[in-house]
Amino acid sequence: MPILGQNQYGKAENRVVKITRDGATHHIKDLNVSVSLSGDMDEVHLSGSNANVLPTDTTKNTVYAFAKEHGIESAEQFGIHLARHFVTSQEPIHRARIRIEEYAWERIESSGTGDHSFVRKGQETRLAQITYDGSSWEVVSGLKDLTVMNSTDSEFWGYVKDKYTTLPEAHDRILATEVSARWRFNWTEDAQRMPAWDESYAQVKGDLLRAFAETYSLSLQQTLYAMGTRIIDHRAEIDEVRFSLPNKHHFLVDLEPFGLKNDTADGAVYFAADRPYGLIEATVLRDGCEARIPVDLTNL
């Protein structure tokens, strides 16, 4: 006889934009919020009874109401408010998972009256996942689509070669990647002091960018480890970092048919290949901690 396994439900991708007015100066929080709930939901699957089901439309309305009632201090704090509400207000709901993407805006400097004009930032999308089961929390923050490049100070040589190897060794190459990263906080219960979410995000991003820039790289793996190590060493509130780094390959163009030497020493011309690409992924942990971030970040 078939047995019902893990199940969850909710309203995905609720787009909410909150404008806070401080006189003539306005502030924007632009989020994409997904709610997922689980608990005593067997009967809705087995018999169709909706007695324990909070409609997904209600979860959508809650997102918008909370944005007004509580404001949006940070993606993490907003997710904590929502998760706590769903678990504590509905007895059948035992676990809530809130996933949030945050889109950044920056001010347009102008000679007009007031600061209320913005341009969408294109550097990265901020991420947060908050999970609550009524007693303990798990907060995983992160980012995606952060494209970075070192135009030198990168090499790749000494690798295994077989009859199918055609890649030439490189002693001065471009290193570029599009950073997707998640980091797990060691804040797990209300009795602990809560991290300063926005400050932590800004400093983690700064740490990984500085590590990328300052590491003389012999492989993207080495650079990944340097980025994770910098975060763990500098951020006491974080126990685990997971990276997924596609290698944004830049290949020297063969210009010899045109009588031109394409040498990195005097400024080279490259072909930027979008696919296929090497994909480097790894987790960096604080010593003594257990890995809990999924290996496949597309599942987070």
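Two residues are said here to be in contact when heavy atoms of theirs lie within 4.5 Å, and this criterion underlies the packing described below for the predicted model.

Helix H5, which covers residues 220-234, was examined in this way. Its buried residues are Leu220, Thr223, Leu224, Met227, Gly228, Arg230, Ile231 and Ile232, and these pack against strand E8 (175-185), helix H4 (197-214), strand E9 (238-246) and strand E12 (279-285). In an α-helix there are 3.6 residues a turn, so residues three or four places apart point the same way. The 15 residues of H5 should span 21 Å at 1.5 Å a residue, and the model agrees with this expectation, because the end C-alpha atoms of the helix are 21 Å apart.

Phe243 offers a view of this packing from a single side chain. When neighbours within four places in sequence are left aside, Phe243 is in contact with residues including Leu224, Met227, Gly228 and Ile231, and also with Val179, Ile280 and Leu297. In the largest nonpolar core, which holds 54 residues, Phe243 is one of the five that touch the most other members, together with Val33, Phe78, Val179 and Trp183. The largest share of this core, seven residues, is supplied by helix H3 (residues 75-89).

For the protein as a whole, five helices and 12 strands were assigned, and the C-alpha atoms fill a box of roughly 75 × 65 × 35 Å along the principal axes. Buried residues account for 42% of the 300 residues, while the accessible surface comes to about 16800 Å², with 50% of that area belonging to carbon and sulfur atoms. Among contacts between residues at least 6 apart in sequence, 66% join residues at least 24 apart. The side chains include 32 that are positive and 45 that are negative, and the centres of these two sets lie 3 Å apart.

Two further residues illustrate buried and partly exposed positions. Thr125, found in strand E6 (residues 125-132), has a relative accessibility of 10% and therefore counts as buried, since the cut-off for that class is under 20%. Beyond residues up to four places away in sequence, Thr125 touches Glu101, Glu102, Tyr103, Gly142, Leu143, Lys144 and Asp145. Asp190, by contrast, is found in the loop between E8 and H4, and it is partly exposed because its relative accessible area is 42%, a value between the limits of 20% and 50%. Outside its neighbours within four places in sequence, Asp190 is in contact with Arg84, Tyr132 and Trp137. Asp190 and Ser135 are 55 residues apart in sequence, yet their C-alpha atoms are 8.4 Å apart in space.

Notes: Residues numbered from 1 in each chain as written. Predicted model: local features only at pLDDT ≥ 70, side-chain atom pairs only at ≥ 80, totals over all residues. Heavy atoms only, no water. Core = buried A, V, L, I, M, F, W, Y, C linked by side-chain atoms within 4.5 Å. Buried < 20%, exposed > 50% of the residue type's maximum accessible area, 1.4 Å probe, protein only. Helix = DSSP H or I, 4+ residues; strand = E, 2+ residues; numbered from the N terminus. Areas by Shrake-Rupley, 256 points an atom, 1.4 Å probe, with all protein chains shown as cover. Lys, Arg positive; Asp, Glu negative; His and termini not counted. Charge placed at Lys NZ, Arg CZ, Asp CG, Glu CD. Expected span 1.5 Å × (residues − 1).
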